[in-house]
Amino acid sequence: MVLKELCLLRGVSGDEGRVRDFIKSHIEAHADRIWTDPIGNLMACKKGTEGKKHVLLAAHMDEVGFMVLGINDNGLLSYEPVGGVDARVVVSKPVLVGEKEVPGVIGAKAIHLQTRAEFEKVLKHEDLYIDIGASTKEEAEKLVSVGDYVSFRSDWREFGAGLVKAKALDDRVGCMTLMSLLENDYPCDITCAFTVQEEIGVRGGETSAYGVHPDVGLAFDV
């Protein structure tokens, strides 16, 4: 299933290369022209049977995640969220760090070590850390580096009546939709823009239209 494969790919904002390569390999047979623009958007154009109008369809490839900010003496990693990630829901979440996909887990100070003031306040990202099992800074530095992207480690699970649980459904569902649309013919010209960096400011979406000048633009998101 294409959606499952898309969701399992790691593509934190600014690191969408795996997703871009996967999509490109699946749409090459259905587009008249494919290119990557300067910011990293994957653009695919298909001529219409009449060519009266030009429609731009857009969906973003990136997902929320984190970036390693520092490696502490005790081997724990400090991090910064990439995109809108609520700190209240990340404690104990498994993650993958860097190109080596080093497994880790997001944690906080043990509850029995917290002061009452710490216990009663809502934790923020600066109160949390990523534990990759290293006990020293030197040990951690052999596995990860400052600046590494960090993605959620989340399995694809099917449940209920046609429901699924996975990371990055926002917006790999939109990407899958555009990939499917390219398999058909239309009276109008269409350009599908698989955009980057939506989660940190809709950057790819804002620039995607300038190179193709469509008559109409539609965004697909969840």
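**Figure 1. Packing of helix 2 against helix 5 in the predicted model.** Helix 2 spans residues 17–27 and helix 5 spans residues 169–181. Their axes lie 11 Å apart and enclose an angle of about 20°. Since angles under 35 degrees count as roughly parallel, helix 2 and helix 5 are therefore described as roughly parallel to each other. The crossing of the two helices is right-handed. On the side of helix 2, the contact is made by V19, F22, I23, H26 and I27, which meet R172, C175 and M179 of helix 5. Six of the residues in this contact are nonpolar, one is polar and one is charged.

**Figure 2. The cis peptide bond between D170 and D171.** The bond leading from D170 to D171 adopts the cis form, with omega near 10°. D171 is a residue of helix 5, the helix that packs with helix 2 in Figure 1.

**Figure 3. Surroundings of G75 in the loop between strand 4 and strand 5.** Strand 4 covers residues 65–71 and strand 5 covers residues 77–82, with G75 in the loop between them. The relative accessible area of G75 is 0%, so this glycine is buried. Leaving aside residues up to four places away in sequence, G75 touches I132, A134, S135, T136, K137 and A140. For one of these partners, I132, the separation from G75 is 57 residues in sequence and 7.8 Å in space, taken from C-alpha to C-alpha.

**Figure 4. Two residues with positive phi in the loop between strand 12 and helix 6.** This loop follows strand 12 (189–195) and leads to helix 6 (203–208). Q197, one of its residues, has a phi of about 55°, a positive value although the residue is not a glycine. With a relative accessibility of 14%, Q197 counts as buried, because the cut-off for that class is under 20%. V202 is found in the loop between strand 12 and helix 6 as well. V202 is likewise not a glycine, and its phi is positive, near 50°. The relative accessible area of V202 is 38%, so this valine is partly exposed.

**Figure 5. The chain as context for the close-up views.** The chain contains six helices and 13 strands. Along the principal axes, its C-alpha atoms fill a box of roughly 70 × 40 × 30 Å. The chain has 222 residues, of which 42% count as buried. Among contacts between residues at least 6 apart in sequence, 69% join residues at least 24 apart. The accessible surface amounts to about 11700 Å², and carbon and sulfur atoms account for 53% of that area.

Note on methods: Residues numbered from 1 in each chain as written. Predicted model: local features only at pLDDT ≥ 70, side-chain atom pairs only at ≥ 80, totals over all residues. Heavy atoms only, no water. Axes fitted to C-alpha atoms, helices over the stretch in contact; angles between N-to-C directions. Helix = DSSP H or I, 4+ residues; strand = E, 2+ residues; numbered from the N terminus. Parallel < 35°, antiparallel > 145°, perpendicular 65-115°, else oblique. Left-handed = near helix turned anticlockwise from the far one by under 90°. Contact = heavy atoms within 4.5 Å. Nonpolar A, V, L, I, M, F, W, Y, C, P; charged D, E, K, R; others polar. Buried < 20%, exposed > 50% of the residue type's maximum accessible area, 1.4 Å probe, protein only. Areas by Shrake-Rupley, 256 points an atom, 1.4 Å probe, with all protein chains shown as cover.
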